[in-house]
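Student: I have a model open and want to go through its helix packing and empty space. Can you take me through it?

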Amino acid sequence: MNTRFLETLITLAQLRSVRATARAMHATPAAISLRIKALEEELQTELIDRSTREFRLTPNADYLLNHAKAVVDATRRLREAARTDSAVRGRLRLGVIETVVHSWLAHSVRQLNASFPELEIDLVVDMSTTLEKRLLAGELDLVVGIEGVNNSQITSEPLAVYPVRWIAREGLLAPQREGLAQRLLQFPILTFGRGTAPHRMLEDIVTRLASLSGVPLEQTRITCSPSVAAIIQLIRNGFGVAAIPWLFVSSHLENGEFVEVPLQPVPPPIIVSMSRCTNAAVAVHAAASAVRAACAEYCAQVDERYIESLG
């Protein structure tokens, strides 16, 4: 469909005169009439009421006018977005969780700076639930969190999966497998933000372990923290046993400070997703592509036991 013909209908509806429309669009009255006729044939409906000398749109034309305006506006935005001289610049309000801070954030920011030197990055680190609320409120442009945002106005895509294991300080638990769940549940179970998918799934696992090992559920404790550094320090202090990604404790496991607790079931992996408004500016979409690529590059450099790209 020729959007120029739609523009002609919109202008004609505003000026209510073929001659005035011809002057406004730098065309002849005959050309305007031909455009309207061609549009009527394509839409298979009459747009101008020709039964009266007074200019009048048909009811169908009145009904279709808003649709025509929407098509013209969308076409204009598409042309603006496709302009080769539309450099990615301005400010990107980027929200991430600590899981990203302790893995591929630095790689991602370097990629953004190299690809878009005119783009300023305002970084916010918080829990997924808080970042989601700020994205929906228009306070953030791009969010990387544990879960995608379930909203028709938001586009979410998974980026990476972090395998999780039971981790404790060396010597905290006796090595015998018999009664391991009962001994583990004597300590607080450390995990990430309360109310997130990892926390909810861990609650289910703790409930099952308590039931199987005969530990009263009210005696179990789950301690939540959005801080990776805080969880690692609590493990080091012997405060509790953590359900934490291997990636963040690999060096502690290698030097023997921490050990993996061979308890089944293994905690579910953490899946990190990126979210942005569907109608976000071109700079946000460009930044999202760069962040996705940076995450994939980081994952390719790390043992897949610790992190795996989903992009």
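Tutor: We will go through helix pairs, then pockets and cavities, then some backbone details. Keep in mind that this is a predicted model.

Student: Fine. At what angle do α1 and α3 cross?

Tutor: Roughly 110°, and the axes of α1 (residues 3-15) and α3 (residues 29-43) come within 9 Å. That angle makes α1 roughly perpendicular to α3.

Student: Left-handed or right-handed crossing?

Tutor: α1 and α3 cross in the left-handed sense.

Student: Which residues in α1 and α3 meet?

Tutor: From α1 there are R4, F5, L6, T8, L9 and L12, and they meet I32, R35, I36, A38 and L39 of α3. By class, this contact has 8 nonpolar residues, 1 polar and 2 charged.

Student: Next pair. How do α6 and α12 pack?

Tutor: α6 (residues 105-115) and α12 (residues 282-301) have axes 8 Å apart, at an angle of about 135°. The two helices are therefore oblique to each other. The crossing of α6 and α12 is right-handed.

Student: And which residues make that contact?

Tutor: α6 contributes H107, S108, Q111 and L112. On the α12 side the residues are A287, A290, V291, A293, A294, E297, Y298 and Q301. Sorted by class, the contact of α6 with α12 has 7 nonpolar, 4 polar and 1 charged.

Student: Switching to empty space. What volume does the largest pocket have?

Tutor: About 190 Å³. Its lining consists of L12, V18, I32, S33, I36, I48, D49, R50, T52, R53, E54 and F55.

Student: Which element gives the most to that lining?

Tutor: α3, with 3 residues. L12, I32 and I36 line the pocket, and these residues also take part in the contact between α1 and α3.

Student: What's the class split for the pocket lining?

Tutor: 6 nonpolar, 2 polar and 4 charged.

Student: How many cavities of 30 Å³ or more are there?

Tutor: The structure has 3 of them. The largest holds about 100 Å³ of space, and the second largest about 90 Å³.

Student: What lines the largest cavity?

Tutor: I97, E98, T99, D126, M127, S128, I146, F192, G193, T196 and P226. That lining divides into 5 nonpolar, 4 polar and 2 charged residues.

Student: And which residues line the second largest cavity?

Tutor: S128, T129, L131, E132, V143, G145, E147, G148, V149, T196, S273 and S275. By class, they are 3 nonpolar, 7 polar and 2 charged. S128 and T196 appear here and also in the lining of the largest cavity.

Student: Which elements supply at least two residues of the second largest cavity's lining?

Tutor: α7 (128-136), β3 (142-145) and β10 (270-277) each do. The largest share, 4 residues, comes from α7.

Student: Last topic, backbone. Which peptide bond is cis?

Tutor: The bond from Q264 to P265 is cis, with omega near 5°.

Student: Where does P265 lie?

Tutor: P265 is in the loop between β9 (258-260) and β10. As for β10, that strand is among the elements lining the second largest cavity.

Student: What is phi of R16 near?

Tutor: Near 55°, which is a positive value in a residue other than glycine. R16 lies in the loop between α1 and α2 (18-24).

Key
Residues numbered from 1 in each chain as written. Predicted model: local features only at pLDDT ≥ 70, side-chain atom pairs only at ≥ 80, totals over all residues. Heavy atoms only, no water. Axes fitted to C-alpha atoms, helices over the stretch in contact; angles between N-to-C directions. Parallel < 35°, antiparallel > 145°, perpendicular 65-115°, else oblique. Left-handed = near helix turned anticlockwise from the far one by under 90°. Contact = heavy atoms within 4.5 Å. Nonpolar A, V, L, I, M, F, W, Y, C, P; charged D, E, K, R; others polar. 1 Å grid on protein atoms, 1.4 Å probe; cavity = no way out; pocket = protein on both sides within 12 Å on 5 of 7 lines; lining within 4 Å. Points joined across faces, edges and corners; volume = space filled by probe spheres on them.
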